[in-house]
Amino acid sequence: MNINKNSLPENRYPIVEVSNVRKSYMLGDMEVPVLSGINLKIEKGELLAIMGPSGSGKSTLMNLIGCLDRPTEGQVLIWGKDLHSMSDEELAHLRGIEIGFVFQTFNLVPRLTALENVLLPTFANSRSIDPQKRATELLKLMGLQDRMYHKPGELSGGQSQRVSIARALINDPSILLADEPTGNLDSKTGSEILQIFMDLNNEGRTVVIVTHDPEIAKYADRVVLVKDGEIQYN
Ligand code: ADP
Ligand code: MG
């Protein structure tokens with residue numbers, strides 16, 4: 001299957017369409033249901049905030065949208081293509097070019113510099129003709145021009161999260177997913193990081209963010225609540 005971005009009929013489909021998705025985890029031979037009957041469409045250019053109590057399944061949903069996991073039942077379509085019909089290899093390729101993921105714990109590689117961390121996703125999949133130049137530009141955009149050759153141990157939490165946002169953007173993904181990106185930061189730094197996501201959205205980037213911060217509700221196009229395994233629309 002050809003999943004080159006240029007061959008995807010972008011305009012006809014939402015970027016992501018989650019239809020009747022159920023997800024359970026197996027604990028030994030016991031099936032533990034987490035999501036039951038999720039339906040969600042994410043349109044190009046949207047800022048979507050996902051809220052809900054701890055343990056309600058927000059990360060499970062983000063991992064499905066981000067192609068890090070597969071649903072137990074139902075469909076996750078990216079640009080109209082069903083993830084279920086893809087091999088692990090195709091899925092990894094799609095994830096590499098279409099999706100940027102930012103995690104609460106930054107997930108930077110400690111022995112690599114900020115610049116090398118940002119370049120990591122370009123080794124498997126790159127859309128950029130000059131990844132080194134783009135990585136440098138992104139780090140500058142994040143205000144880290146004097147931290148490019150520092151390793152994560154020499155960076156603050158806010159700086160580390162900026163590196164991970166630059167890394168998420170390196171392949172110019174269709175959608176940027178952030179799962180509680182400010183959860184490990186103090187509130188001032190957290191607000192600065194939230195502002196980066198809002199700026200990226202204002203520039204046209206599609207952003208889905210899981211957060212407990214009520215500030216985001218003022219700026220988001222939509223806020224959805226995950227509760228009892230379902231989505232509750234406001
Ligand atoms: P949230 O992000 O909203 O806090 P999660 O999606 O992380 O919620 O978790 C939802 C539920 O699924 C929790 O009860 C959690 O313990 C369980 N869970 C999450 N990941 C796994 C896993 N890999 N294996 C088993 N149970 C899991
Ligand atoms: Mg979570």
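**View 1. The shell around ligand 1, to which helix H1 gives the most residues.** In this predicted model, helix H1 contributes 3 residues to the shell around ligand 1, and no other element gives more. Strand E1 (16-27), strand E2 (30-42) and H1 (58-65) each supply at least two of the surrounding residues. The ligand is surrounded by Tyr25, Leu27, Val32, Val34, Gly52, Ser54, Gly55, Ser56, Gly57, Lys58, Ser59 and Thr60. By class, the shell divides into 7 polar residues, 4 nonpolar residues and 1 charged residue. For the complex as a whole, the predictor gives an ipTM of 0.98 together with a pTM of 0.92.

**View 2. The protein as a whole, with its 7 helices and 10 strands.** The C-alpha atoms fill a box of roughly 50 × 40 × 40 Å when this is taken along the principal axes. The radius of gyration is 17 Å, which agrees with the value near 17 Å that a compact globule of 234 residues would have. Buried residues make up 39% of the 234 residues in the protein. Among contacts with a separation of 6 or more, 72% are between residues 24 or more positions apart.

**View 3. Helix H3 and the elements that cover its buried residues.** Within helix H3 (residues 114-124), the buried residues are Ala114, Asn117, Val118, Leu119 and Pro121. An α-helix has 3.6 residues a turn, so residues three or four places apart point the same way. The cover over the buried residues of H3 includes helix H2 (88-98), helix H4 (131-141) and helix H5.

**View 4. Two loop residues with positive phi, Trp79 and Asp172.** Most residues other than glycine have a negative phi. Trp79 nevertheless has a positive phi near 50°, and its place is in the loop between strand E4 (73-78) and strand E5 (81-82). Trp79 counts as buried because it has 22 C-beta neighbours inside 10 Å, where 20 or more are required. Asp172 also takes a positive phi near 50°, in this case in the loop between H5 and strand E7 (175-179). With 14 other C-beta atoms within 10 Å, Asp172 is partly exposed.

**View 5. The hairpin of strands E9 and E10.** Strand E9 (residues 222-227) runs antiparallel to strand E10 (residues 230-233), and 4 bridges join them. Across this pairing, Val226 stands opposite Ile231 in E10. The hairpin has 2 residues between the strands, and Asp228 takes a positive phi near 50° there.

**View 6. Confidence along the chain, including residues 1-8 where pLDDT stays under 50.** The mean pLDDT of the protein is 91, and 94% of its residues reach 70 or more. Among the elements of the protein, helix H5 (residues 157-169) has the highest mean pLDDT, at 98, whereas helix H7 (residues 215-219) has the lowest, at 85. Over residues 1-8, for which pLDDT stays under 50, the model has 10 contacts beyond four places in sequence. Where pLDDT is low, the predicted coordinates should not be read in detail.

Technical notes: Residues numbered from 1 in each chain as written. Chains lettered and ligands numbered in written order. Predicted model: local features only at pLDDT ≥ 70, side-chain atom pairs only at ≥ 80, totals over all residues. pLDDT = per-residue confidence, 0-100. Contact = placed C-beta atoms within 7 Å. Buried ≥ 20, exposed ≤ 12 C-beta atoms within 10 Å, placed from the backbone. Near = placed C-beta within 6 Å. Nonpolar A, V, L, I, M, F, W, Y, C, P; charged D, E, K, R; others polar. Rg over C-alpha atoms; globule rule 2.2 N^0.38 Å. Pairing = 2+ DSSP bridges.
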